[in-house]
Amino acid sequence: MKFEIMRERLVEGLNDVMKAVSSKTTIPILTGIKMDVSSEGMRLTGSDSDITIQTFIPAEEDGEQIIRVAQGGSIVLQAKVFGEIIRKLPTNDVEIEITGNFQTHIRSGKSEFHLIGLDAMDYPQLPEIQDDRLFTIPADLLKTINRETVFAVSSSETRPVLTGVHWEVKDGELVCVATDSHRLARRKTKLETLPEGEYSVVIPGKSLNELNKILDDNSEPVEIVMTNQQVLFKSKHILFFSRLLEGNYPDTSRLIPAEYKTTVTVNGRSLLQAIDRASLLAREERNNVVRFSAAEGNDVEVSSNSPEVGKVEEQLQAQSIEGEDLKISFSAKFMMDALKAIDGQDVVIQFSGAMRPFVLKSALDDSILQLILPVRTY
């Protein structure tokens, strides 16, 4: 096997697939990256058996020669070492040659490295995925959906299914829900290209975070295929496979209150900054609790009190306050995460009592809903 490639394109491809490679894997060959070279171009594959990422570098693009292939073939090379070498090579032209016993020679300028490769036949095969449950979402929308939900997944492994985001497709709509049992984030998206039937999967939060790092911020369509064990995201040159979490996701629709006693409409960014300031004193405490009170006259008070550090009070002008007076305490971090997901728009907060979960929505649309359980302090 022998070919020449532009270094910067190889670095880009390696950066994508390295996101799936873990040093903690129990399967030694998965610490490597698999490289398949043919006259069409090069496929790079990285995997930790939960996530598999494959990227394709074409031999020629827009009339520019990226790879010159003298002889095709496949090899697995140690991901960390190979990635570092390619990144630090002196020129943009890289020549890679594999001789007997998987000896790999990398040349660039006056630099020459010799690595010992592994047999690509021992590398696990990609899962077979049928395209019967396929739909598409623009890349930037997919990234937004992930950003608005993934932060609310559970970080504790006691209920593994809660470390993922529940994606449910029904009635022409994709509903994504994440909860760690103290808060919940839900995002609804109307889609035109949904296949028939209803189905639901739970995608690990970690996989969606990694996917967001790879996708471009553009409206290129991403194809999504769901099966019983795997989900596949396909964009222009990248295949991203993730295993799914097993187990039944709890029915979260029951958690969302049907009626509310107090409704506050307030500027999201001002409230976020006020809670951020109040949490400066709460941060020393183990629980990081901020108090919130709403009364007649459209004034909202955000306060925090820490016996060792001091206290802070801040008045905020709300656009409107309807219903009963209210005093409630909540985790500053949860509230800030929820406000960041709604992203700077005017926010409607609906309370159904001081000890009941409350709901945040954008004043402009119903697609995003955040729910938070209060903290008992009064």
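Me: Which residue stands opposite Ser304 in β23?

Reply: This is a predicted model: local features need pLDDT of at least 70, side-chain atom pairs count only at pLDDT 80 or more, and totals for chains, interfaces and linings use all residues. Residues are numbered from 1 along each chain as its sequence is written, and side-chain values use heavy atoms, with hydrogens and water left out. Strand β22 (residues 299–306) runs antiparallel to β23 and is joined to it by eight bridges; strands (E, at least two residues) and helices (H or I, at least four) are DSSP runs, numbered from the N terminus. The residue of β23 that stands opposite Ser304 is Val312.

Me: Which strands stand at the edges of the sheet that contains β22 and β21?

Reply: This open sheet has four strands in the order β23-β22-β21-β25, with antiparallel pairing; two strands pair if DSSP finds at least two bridges between them. Each edge strand has a single partner, so one side of it is left without a neighbour in the sheet. The edge strands are β23 (310–317) and β25 (326–331).

Me: What is the average twist from one strand to the next in this four-stranded sheet, β23-β22-β21-β25?

Reply: Strand axes are lines fitted to C-alpha atoms (for helices, over the stretch in contact), and angles run from 0 to 180 degrees between N-to-C directions. From one strand to the next, the twist averages 20°.

Me: How many helices and how many strands are there in the protein?

Reply: The C-alpha atoms fill a box of roughly 80 × 50 × 40 Å along the principal axes. Of the 378 residues in the protein, 52% are buried; buried means under 20% relative accessible area, exposed over 50% and partly exposed in between (1.4 Å probe, protein chains only). The protein contains six helices and 28 strands.

Me: What are the edge strands of the sheet of eight strands?

Reply: The eight strands of this open sheet follow the order β8-β2-β3-β4-β19-β18-β17-β12, and their pairing is antiparallel. An edge strand here pairs on one side only. The two are β8 (73–78) and β12 (134–138).

Me: Why is strand β3 (residues 41–47) largely enclosed by the rest of the structure?

Reply: Strand β3 is joined to β2 (residues 32–38) by five bridges and to β4 by seven, running antiparallel to each of them. It is largely enclosed because of how many of its seven residues are buried, namely six.

Me: Which residue of β4 stands opposite Thr45?

Reply: Thr45 is the bridge partner of Lys34 in β3, and a hairpin of two residues joins β2 to β3. β3 and β4 also form a hairpin, with three residues between them, and Ser49 in that turn has a positive phi of about 75°. In β4, Thr45 faces Gln54.

Me: What is the bridge partner of Gln230 in β19?

Reply: Strand β18 (residues 230–234) pairs with β19 in the antiparallel sense over five bridges. Within this pair, the partner of Gln230 is Arg243.

Me: Which element gives the most residues to the lining of the largest pocket?

Reply: A pocket is an open set of points on a 1 Å grid over the protein atoms alone, with protein on both sides within 12 Å along at least five of seven lines, whereas a cavity is a set where a 1.4 Å probe fits but cannot get out; lining residues have an atom within 4 Å of a point. The largest pocket holds about 440 Å³, a volume being the space filled by probe spheres set on points joined across faces, edges and corners. Its lining has 19 residues, with Asp16, Asp216, Lys236, His237 and Ile238 nearest the centre; α1 (7–18) and β4 (51–58) each supply at least two. The most, four residues, come from α1.

Me: How many residues of the lining of the second largest pocket are charged?

Reply: The second largest pocket has a volume of about 260 Å³, and among its 14 lining residues Glu157, Thr163, Pro204, Lys206 and Arg243 are closest to the centre. The largest share of this lining, three residues, comes from α4. By class (nonpolar: Ala, Val, Leu, Ile, Met, Phe, Trp, Tyr, Cys and Pro; charged: Asp, Glu, Lys and Arg; polar: the others, Gly among them), the lining has four nonpolar and six polar residues, and the number of charged ones is four.
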